[in-house]
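I sat down with this model to look at the ligand and what surrounds it. After that I wanted a quick check of the backbone.

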Amino acid sequence: MVAMKTKEQEDEAPEERVPHLPWMRHPVDIDSFSGCPVTSLPRLDPRLAEALQRMGIESFFPVQVSTWLETIGPGAFQRDICINSPTGSGKTLAYALPIVQMLSTRKVRCLRALVVLPTRDLALQVKEVFDAIAPVVGLTVASAVGQSSIADEISDLIKKSKQELYPSLDDEYVEMEPQTKVDILVATPGRLMDHINMTKGFSLEHLQYLVVDETDRMLREAYQSWLPTVIQFTRPTNQNHFRHDTPGRTLLHPLTTIRRSGVERGFKGKCYPRLAKIVCSATLTQDPSKLSQLELHHPLLLNSGKKRYRIPTKLESYKLICTSNIKPLCLIVLLQELRGEKCLVFTKSVDDSHRLSTLLGFFEDLPFKFSEFSSLQRESTRRKTLAAFKEGKIDVLIGSDIMARGIHIDGLRYVINYEMPQYVKTYIHRAGRTARAGESGSCFTFLRKNEVKRFDKMLKKADGSSCILRSLPEESIDSLRPVFETALEKLKDKLKGSTEPEASKKSNKSGDKVPGALKRKRGKQT
Ligand SMILES: Nc1ncnc2c1ncn2[C@@H]1O[C@H](COP(=O)(O)OP(=O)(O)OP(=O)(O)O)[C@@H](O)[C@H]1O
């Protein structure tokens, strides 16, 4: 019997091992491409070039050049593309640009590209990129993320049927009419499934491109079986061929380009449409059983460098060794040294984030403004907090891995791991909130003495990255001790009076679920 590997075992396996999947063994090396001025990218639509320049983009990053060359031109989308490139390397534009350019010549508006991401925040961030380039070539973009009511989303997505407007119209015509009024949809899996299951007129029939961003995370969870559902609905069927070939259905002709890109030959000598896929991550899984869910077609891997994982070139990693009992003090001293620069602090759970934020709240006159950022907070609270952080009204956000994936914050230079991340992938995604788009940044990790060896070994997997030992001035730590004692007492009192953190009380009011862990009585304090 073959034993299944746990996530941890997969992570701890030697990095040099040869991938099981043959197509993963000989990737295109993204690093062998250099940046390219916007005006020099072959075949780029001048309207898109102008839009990009308006966005302040002067030249393309290597991942964007390499993806473009594999998707635009004679071999356009003949193979599915898998991108494994570091955080902040520009993967969003790498897939958005070729899709928009390919769709810029479409005749009839209907849903042709679908981008799926695990969270609403990420989906909205990606939609912004499409919004900046798609309208200049006449394409419409929408989101299905649950930010507005389902009714509002439906009115953005679906146009009134001709039958409603012209009741005498032939049924056959009405049935074939594409009803979505967007070309590109950026969605989270839950809302996507709501529309697939319930929205009249929502159809994936004409879909040509599917992007699965943050692929490893998307494949780890089933998310209501969205992926098999999308694949099932977009699989070429006999019905499709029937429509192509049946004489007299001239009204369908504008749609005969359905999923023509990535056209696959071999069906009795005729072309039949195939859904072209792009999947991407900074930590792309190599697990065949997970990747098989995507049903990739002759996949081509674009990989940065030789190693499986890479951290951004301008990221500096630091480790700080301290005992648990003075860790909050060390954090305060470190934050003081960072002089109120924007910083994300990662704890290992929402519970810990809440405790740490509450504790820091008992210190008066801290020279930085901080806030908790938790999945237990209301969506509106989180949005406001993030906006305040982006605007520089808050210097430090304390949260768990909810902040780790994909989120981009301009000018963020520092990330702190308050506890050692369990997996190298976690380190990469957390640290990757800084040092993005060629900027420099630093990631600090607090460690206990007995964690140092394991941490160094873990970092070696990220392209052999080294980590600098950083110390903090003893006298600064000592000067905070008296206040710390009092703060700890206050924290104990506060938590004694409440078995649930404030955040969970708030979410109860709004009817959200409270995870089991938080219902339990609090354990030992920080
Ligand atoms: N060619 C470019 N020139 C300048 N800035 C760019 C360019 N391409 C992308 N950017 C900027 O780089 C930042 C990071 O891009 P993006 O979010 O696409 O990275 P990513 O590779 O998807 O990262 P992650 O893996 O963390 O999701 C964004 O702010 C984006 O606007």
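**Ligand shell**

I sorted the shell around the ligand by class and got 5 nonpolar, 9 polar and 4 charged residues. Note to self: this is a predicted model.

Next I asked which residues come nearest to the ligand. Of the 18 residues around the ligand, those are Ser59, Gly88, Lys91, Thr92 and Arg436.

I then looked up which helices and strands feed the shell. Strand β3 (59–60) supplies at least two residues of it, and helix α4 (91–103) also gives at least two.

**Where the ligand lies**

Why does the ligand lie between domain 1 and domain 2? I checked the shell against the domain bounds: domain 1 (22–160 + 178–236 + 254–262 + 269–303) and domain 2 (315–498) both contribute residues to the shell, so the ligand lies between the two.

I also went through the pockets. The largest pocket is the space that the ligand takes up.

**Polar contacts**

I went after the ligand's oxygen atoms and wrote down three distances.

- Gly88 puts a backbone N or O atom 2.8 Å from a ligand oxygen.
- Gly90 also uses a backbone N or O atom, at 3.1 Å from an oxygen atom of the ligand.
- Thr92 works through its side chain, where an N or O atom is 2.7 Å from a ligand oxygen.

Then I looked at how far the ligand is covered. On its own the ligand has 650 Å² of accessible area, and the protein covers 82% of that.

**Backbone check**

Last job: I looked for positive phi values in residues other than glycine, and I noted two.

Arg43 is one of them, with phi near 65 degrees. I found Arg43 in the loop that runs between β2 (36–37) and α2 (46–54).

Glu214 is another, with phi near 50 degrees. Where is Glu214 placed? I traced Glu214 to the loop between β8 (209–213) and α10 (215–220).

Note on methods. Residues are numbered from 1 along each chain as its sequence is written. This is a predicted model: local features need pLDDT of at least 70, side-chain atom pairs count only at pLDDT 80 or more; totals for chains, interfaces and linings use all residues. Side-chain values use heavy atoms; hydrogens and water are left out. A residue is near a molecule or strand if one of its heavy atoms lies within 4 Å of it. A polar contact is a pair of N or O atoms within 3.5 Å; within protein, one must be able to donate a hydrogen and the other to accept it, and residues adjacent in sequence count only if both atoms are side-chain atoms. Accessible areas come from the Shrake-Rupley method with a 1.4 Å probe; for residues, only the protein chains shown count as cover. On a 1 Å grid over the protein atoms alone, a cavity is a set of points where a 1.4 Å probe fits but cannot get out, and a pocket is an open set with protein on both sides within 12 Å along at least five of seven lines; lining residues have an atom within 4 Å of a point. A molecule sits in a cavity or pocket if more than half of its atoms lie within 2 Å of its grid points. Helices (H or I, at least four residues) and strands (E, at least two) are DSSP runs, numbered from the N terminus. Ala, Val, Leu, Ile, Met, Phe, Trp, Tyr, Cys and Pro count as nonpolar, Asp, Glu, Lys and Arg as charged, and the others, Gly among them, as polar. Domain bounds come from an automatic or database domain assignment.
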